[in-house]
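Reader: I have a structure to go through before lunch. Can you walk me through it, starting with the charged side chains?
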Amino acid sequence: MLPTSLLGALSLTTVVAASAISPVLPVVNNACTSPSVRKEWRELTDADKAEYLRAATCVRELPKAKYAAIDAVTTRMDDLVYTHFSLNLDIHFVANFLPWHRWFVQLHEDLLRNECGFTGAQPYWDWSIDADAEDVPNAPVFDPVTGFGGDGQRTDSDEPGFERCVVDGPFANTNLTLGMGWPDVNEDGDRLHCFTRELNGGLGKDENGNQIIGDMQASAYNSRVMNTIYSFDTFADMADMLEGLPHAQVHSVIFGDMGPATSPNEPLFFLHHANVDRAWAKWQGRNATRLADYTGFQDRSHTIPASLNNTMPVMELADTKPVVKDYMDIRAGPLCYTYSSM
Ligand SMILES: [Cu+2]
């Protein structure tokens, strides 16, 4: 992390030296002087949306760069899917859930920039807006033209993994088969399947075998729930409810590829997790105490207390293990972004 901030500080010094006529720049503690602004999906112009969708599709068509020994990993996105899948028990319902996913969303954004020429910032999906309107099934993110496509539909196929597919939007390309996840979500082997969703309200199926969608459990992730989360005083309490309620419910009401531990297969994963990250950042504010508040346990059996100096597991996805303390502040260290609404 030091090299990045050092580099930024050096170039800032160079700029100041080169423009002797300009007034003295404000002194800052790190190089994040102009953070990129992550916007809500509906704040983007149609051109911004198209650019994100282009890059998000691109990364699913590039060949893998990691995991040479794992045949099921074929695309650049599979590198991320396999990492998230394999680390499932080490990054969910443990203290590092929020910093790990903050790191992961940033890694994906960097990948879009560096390997797919993406010029924007990672957008987020504030599902509480759609939940408050009790209209989640019609959320703009599901738009077939300016969004990520809609619910999966039954196909004519009786081949496992191809019976239900997303049929519209930029990810419905039939060439875009996914290597991990359905039809057997516990296997990381060669599980080719089409990209799928199964919107549901957790209410079971109707007499025709279709999911009852209802309000998609909007009361689990509306602004009332978010305000309760913001009212907690400690990181552990805030993080537990954020992960366990709105985070988990949004995964399960979209289901399909959003359901299992291979959920980065669903492109909305990154907009969803950007919003979860935004909730944490909003709770933190610019409050020094909260920016350093990291408690809870490293393990699911709650025996090893968590600390800011903990490293986070990455398998082959990165060369060095990120340290939690470097991922506490979205405007310091390796991170330099903010959200349009905090
Ligand atoms: Cu996750």
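Reader: Which residues are linked in a network of salt bridges?
Author: Arg38, Arg102, Glu109, Arg113 and Asp277 are linked in that network. Keep in mind that this is a predicted model.

Reader: How many salt bridges does the structure hold?
Author: The structure holds 13.

Reader: Back to the network. What do the side chains of Arg38 and Asp277 do?
Author: They meet in a salt bridge, at 3.8 Å from N to O. Arg38 is in strand S1 (residues 36–38) and Asp277 is in helix H9, so this pair links distant parts of the chain, 239 residues apart.

Reader: Is that pair buried or exposed?
Author: Arg38 counts as buried, at 0% relative accessibility. Asp277 counts as buried too, at 4%.

Reader: And where do Arg113 and Glu109 lie?
Author: Both lie in helix H5, 4 residues apart, which is about one turn of the helix. Their side chains meet in a salt bridge with an N to O distance of 2.7 Å.

Reader: Buried or exposed, those two?
Author: Glu109 counts as buried at 1% relative accessibility, while Arg113 counts as partly exposed at 29%. The cut-off for buried is under 20% relative accessible area, and exposed means over 50%, so 29% falls in between.

Reader: What does Arg286 form a salt bridge with?
Author: With Asp329; the closest N and O atoms are 2.9 Å apart. Arg286 lies in the loop between H9 and H10, and Asp329 in the loop between H10 and S6, so the pair ties together parts that are 43 residues apart in sequence. Arg286 is exposed, with a relative accessible area of 51%, whereas Asp329 counts as buried at 15%.

Reader: New topic, the metal. Which residues coordinate the copper ion?
Author: His84, His92 and His101 coordinate the copper ion, each through NE2, at 2.0 to 2.1 Å.

Reader: How are the donor residues spaced in sequence?
Author: The spacing is H-x7-H-x8-H. His84 lies in helix H3 (residues 76–86) and His101 in helix H5 (residues 97–116), so that pair ties together parts that are 17 residues apart in sequence.

Reader: Are His84 and His101 buried or exposed?
Author: His84 is buried, with a relative accessible area of 2%. His101 is buried as well, at 4%.

Reader: What does UniProt place at residues 92–109?
Author: The unreviewed UniProt entry places the feature "domain: Tyrosinase copper-binding" there. In the model, that span is 72% helix and 0% strand, and its end C-alpha atoms lie 21 Å apart.

Reader: Last thing, backbone angles. What is the phi of Phe255?
Author: Phe255 has a positive phi of about 50 degrees, although it is not a glycine. Phe255 sits in the loop between helix H8 (235–254) and helix H9 (268–284). Its relative accessible area is 28%, so Phe255 is partly exposed.

Reader: And what about the phi of Met315?
Author: Phi of Met315 is near 55 degrees, again a positive value in a residue other than glycine.

Reader: Where is Met315 found?
Author: Met315 is in the loop between helix H10 (288–291) and strand S6 (337–339). With a relative accessible area of 35%, Met315 is partly exposed.

Note on methods. Residues are numbered from 1 along each chain as its sequence is written. This is a predicted model: local features need pLDDT of at least 70, side-chain atom pairs count only at pLDDT 80 or more; totals for chains, interfaces and linings use all residues. Side-chain values use heavy atoms; hydrogens and water are left out. UniProt positions are given in the numbering used here, feature names are shortened, and annotations may be inferred rather than shown by experiment. Helices (H or I, at least four residues) and strands (E, at least two) are DSSP runs, numbered from the N terminus. Donors are N, O and S atoms within 2.8 Å of the metal (3.2 Å for Na, K and Ca); water is not among the atoms, so sites may look incomplete. Buried means under 20% relative accessible area, exposed over 50%, partly exposed in between (1.4 Å probe, protein chains only). A salt bridge is a side-chain nitrogen of Lys or Arg within 4 Å of a carboxyl oxygen of Asp or Glu.
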